[in-house]
Amino acid sequence: MLLNRNKEELYFEIALGEKGEKIKRYSLKVGEGIAGKVAETGIPIIENDVENNPFFTSKFDSLTSFKTKSLLCVPLVYQDEIIGVIEVINKKGKSKFSKNDLKLLQAIANQASIAIKNALLYQDLKNLFFDTIESLVSAIDAKDPYTHGHSKRVSEVAVMIAKEINNSESFLEKVKLAGLLHDIGKIGIDERILTKKDKLTQEEREIIKKHPTIGRRILEPIELLKDIIPGVEEHHERYDGSGYPKGLRGDRISLLGRIISVADVLDALTSDRPYRKGLEVELAVLEISKLSGIEFDPFIVSILNDLYKRGKLNCFGS
Ligand SMILES: [Fe+2]
């Protein structure tokens, strides 16, 4: 069991045994029950007769119709900070939990504390990283009222598509980041061109077309973002090879690029623009389907249609 952030409650991170899944849904106040006492004081408890222990709570036994007879509970400590407890219940056979059992469990707890603390720190760092990128991106989007929230929505629908292909956490993270950052290169484009209400000149269009390449250059120095560069650089490539900047064709365009391209256009079509109202999501999906195999990868378009039929895209469109 781990202590929550404000150190008031223990929650089950891992609960093994036949009642494990059931018990994982519950938590315990610090100071409550034997585990709560250990979390409060940092002192291990061996109890071979729980019924006579004043701290024992039968809360979990009554929830799971399990019968606790004996238990051994040690704190998880990392650099003098209590981060949780490990508890083992009902020693097998006739023998009781002994000092040796305690020593063994403490040795396991020492190893576990380091691993758990590392994982928690890593998670914190990752959250900070995502939060920072999200606020950076929304600051950029906010400059143009017509693209407000665009990158976040692209990222969300791209992740929906990606989940249908490969549910691995690392892949989904890449897709999420590529969606958020796909237009980051627009930082380097003159704002007067980006927000121009009249028709763009040929020259202005060529300038805007540089944003995927500028995006790549912005991200290149960031080690953690290297893998998502293809998604940023190739989100305006077209399946038939008529896109930019490189004119890549078919599967030569990265999977990230093919996903972001569909997600990007879906949001663009369903969003209002100064000169037109956004399309209904049904019509937007239809428009994209017409360009399947031309502008978009047919496989990604089929996933989009499937998501639409399952009602997953209802958040889009007016
Ligand atoms: Fe773009």
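Begin at the iron ion, whose site is irregular, with angles of 83 to 169° among its four donor atoms. Keep in mind throughout that this is a predicted model. Select Asp183, His211, His235 and His236 together with the ion: the coordinating atoms are OD of Asp183 and NE2 of His211, His235 and His236, at 2.2 to 2.3 Å. Read along the chain, these donor residues follow the spacing D-x27-H-x23-H-H. Asp183 belongs to the loop between helix 6 and helix 7 (191-194), while His235 belongs to the loop between helix 10 and helix 11, so the pair ties together parts that are 52 residues apart in sequence. If you add a surface, expect to find both Asp183 and His235 buried.

Next, widen the selection to residues 147-269, which UniProt, in an unreviewed entry, lists as "domain: HD". Over this span the model is 56% helix and 0% strand, and the C-alpha atoms at its two ends lie 12 Å apart.

Within that span, select Ile228, which is placed in the loop between helix 9 (211-219) and helix 10. Is Ile228 buried or exposed? Its relative accessible area is 1%, below the 20% limit, and therefore Ile228 counts as buried. Beyond its neighbours within four places in sequence, Ile228 is in contact with Lys174, Leu177, Ala178, Leu181, Leu219 and Leu256. For a distance to draw in the viewer, take the C-alpha atoms of Ile228 and Thr132, which are 96 residues apart along the chain and separated by 16 Å.

One of those contacts, Leu181, leads on to the largest nonpolar core, a set of 40 residues in which Leu181, Leu266 and Leu313 have the most contacts. Colour the elements that give two or more residues to this core, namely helix 4 (99-141), helix 5 (150-165), helix 6 (169-181), helix 10 (229-233), helix 11 (255-270), helix 12 (281-290) and helix 13 (298-309). Of these, helix 6 gives the most, with seven residues. Now centre the view on Leu266 and show its surroundings: with neighbours within four places in sequence set aside, Leu266 is in contact with Val157, Val281, Ala284, Val285, Ile288, Leu304, Leu313 and Phe316.

Stay with helix 12 for a moment and select Ser289, which lies in it. Ser289 is partly exposed, its relative accessible area being 25%, and, apart from neighbours within four places in sequence, Ser289 is in contact with Val301 and Asn305. A line drawn back to the metal site, from the C-alpha atom of Ser289 to that of Asp183, spans 23 Å, with the two positions 106 residues apart along the chain counted as their separation.

Then step back to the whole chain and colour it by the domain assignment, which gives domain 1 (2-121) and domain 2 (129-134 + 142-309). The centres of domain 1 and domain 2, taken over C-alpha atoms, are separated by 48 Å.

Finish in domain 1 with helix 2 (residues 33-41), which is mostly covered, seven of its nine residues being buried. To see them, select Gly33, Ile34, Ala35, Gly36, Lys37, Val38 and Ala39. What covers these buried residues includes strand 2 (9-11), strand 3 (27-29), strand 4 (45-47), strand 5 (71-78) and strand 6 (81-89). As a last stop, move on to Gly42, which follows helix 2 and has a positive phi, near 80°.

Key:
Residues numbered from 1 in each chain as written. Predicted model: local features only at pLDDT ≥ 70, side-chain atom pairs only at ≥ 80, totals over all residues. Heavy atoms only, no water. Core = buried A, V, L, I, M, F, W, Y, C linked by side-chain atoms within 4.5 Å. Buried < 20%, exposed > 50% of the residue type's maximum accessible area, 1.4 Å probe, protein only. Helix = DSSP H or I, 4+ residues; strand = E, 2+ residues; numbered from the N terminus. Contact = heavy atoms within 4.5 Å. Donors = N, O, S within 2.8 Å, 3.2 Å for Na, K, Ca; no water. Tetrahedral: all angles 85-135°; square planar, octahedral: opposite > 155°, others 65-115°. Domains from an automatic or database assignment. UniProt positions renumbered as here; feature names shortened; annotations may be inferred.
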